[in-house]
Amino acid sequence: MINIPKGTKDALPSEIYKWHAIEDTAKAVSDRYGFREIRTPVFEHTELFSRGVGDTTDVVTKEMYTFLDKGGRSVTLRPEGTAGVARAFIENGLAGGAMPFKVYYLISAFRYERPQAGRLREFHQFGAELYGAEGPSADAEAIAFADRFLREVGVGKAVRLHINSIGCPICRAEYQTALKEFFRPHLDEMCPDCRSRFDKNPMRMLDCKEEGCKKFTSHAPRMLDYLCEDCRTHFEGVKALLTRAGISFEVDPSIVRGLDYYSRTVFEFTSDALGAQSTVLGGGRYDTLLSQLGAKPTPAVGFAAGIERLILLLDALAVPVQEKHVDCYLLGMDPSSREKAFLLAEELRSGGLSCETDLMDRSVKAQFKYADKLGARFVAVLGEQELQEGCAEVKDMQNSTSERVRFDGLAQYIKGRN
Ligand SMILES: [Zn+2]
Ligand SMILES: [Zn+2]
């Protein structure tokens, strides 16, 4: 017996309707905001992530699935979606097309993490990216899009939006100096991760989850007090638009996001329904990523949501999700009725209905049981008598009534009552 690899999960047919509901909503909402789908490879050259995601992040230093292919090249299973989209944008010369460039993706991504609830080694994301617009309206549109997606999935009431600005490289440099001065006297008492972040990226110390570190980080200087004039105006613009659009948020200085490429606006939608404030969707602006990867400077903003987390949230909140059922089961009582049932099923399918009929030579009783398991809305029973009359005895499985319906009126009958 070969088992599933640690940190991976099957999405079984009995649960798949939840995945479809989320994916269908993602596609429909993307459409309304003018975002089109992009599909990029599952693996890329390792260098794309070390340069794009940043080689000081946990994702790159500890969690990547990296291996040499048979040609001896180092390749990596994507740990997130943003870097691959940026690579595709540059490589295909898309900056020459219509701007802003707006895309979404539904992907699986890979991180070698210690598996825990809602955190898998292969996980799935819905993400969106918007390139070319540097004004606050682009940030506001990305946030409004994310907010609408979560509401339409059905988890809107259980999530809260936190936003922050982490400034630009210029004002952040000044802030990081202040932050280092603040942390320097306490470094001995902080965790090894924080000590290594101190030199490479001190802002990452702010979202350390170690209790011993939190007592220092909670008193640390705030980036918001160091924003330059341009960054401050930008952040005020984002907040004003969100307020006018009726999207509620709180400014939260502890939101820094885990990846190096962010600048200015960062945001997270969190929920308490999955235990202590977990992030359901996160994103922000990353104006330097494209130039880091060799493009001309191109402002960008985006977000990603974890699909497994959303499913856990739907379950935790008991959100009703529409499950697809069979419209009609065609039950033949004898060999010639079975054949007629097979042909009628084909006819109904041509008319757009979902049907099943017996493929296992089951008894009438066993067929009824099966139809019930399928959640069939109607069961059309055919026997010798029915074949002669050109009718089926159609049982409504919801209220147990039944009616005689002519074969040629069957599709219409079911559609009219569905
Ligand atoms: Zn700035
Ligand atoms: Zn720490």
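**Two zinc sites and a two-domain chain**

C228 is partly exposed, with a relative accessible area of 24%. In this predicted model, C228 is one of the protein donors of the zinc ion (ligand 1). The others are C168, C171 and C231. Each binds through SG, and they lie 2.2 to 2.3 Å from the ion. Their spacing along the chain is C-x2-C-x56-C-x2-C. The pair C168 and C228 links distant parts of the chain, 60 residues apart. C168 sits in the loop between β7 (160-165) and α6 (169-183). C228 sits in the loop between α8 (211-217) and α9 (229-244). C168 has a relative accessible area of 11%, under the 20% cut-off, so C168 is buried. The four donor atoms make angles of 103 to 118°, and the site is tetrahedral.

Now turn to the zinc ion (ligand 2). C191, C194, C208 and C213 coordinate this ion through SG, at 2.2 to 2.3 Å. Here the spacing reads C-x2-C-x13-C-x4-C. This site is tetrahedral too, with angles of 106 to 112° among its four donor atoms. C208 and C213 are both buried.

Next, the domains. Domain 1 covers 16-168 + 228-316, and domain 2 covers 328-417. Their C-alpha centres are 48 Å apart.

One last stop is D147. This residue belongs to helix α5 (residues 136-153). Is D147 buried or exposed? D147 is buried, because its relative accessible area of 14% falls under 20%. Beyond its neighbours within four places in sequence, D147 contacts I247 and F269.

Technical notes:
Residues numbered from 1 in each chain as written. Chains lettered and ligands numbered in written order. Predicted model: local features only at pLDDT ≥ 70, side-chain atom pairs only at ≥ 80, totals over all residues. Heavy atoms only, no water. Donors = N, O, S within 2.8 Å, 3.2 Å for Na, K, Ca; no water. Tetrahedral: all angles 85-135°; square planar, octahedral: opposite > 155°, others 65-115°. Buried < 20%, exposed > 50% of the residue type's maximum accessible area, 1.4 Å probe, protein only. Domains from an automatic or database assignment. Helix = DSSP H or I, 4+ residues; strand = E, 2+ residues; numbered from the N terminus. Contact = heavy atoms within 4.5 Å.
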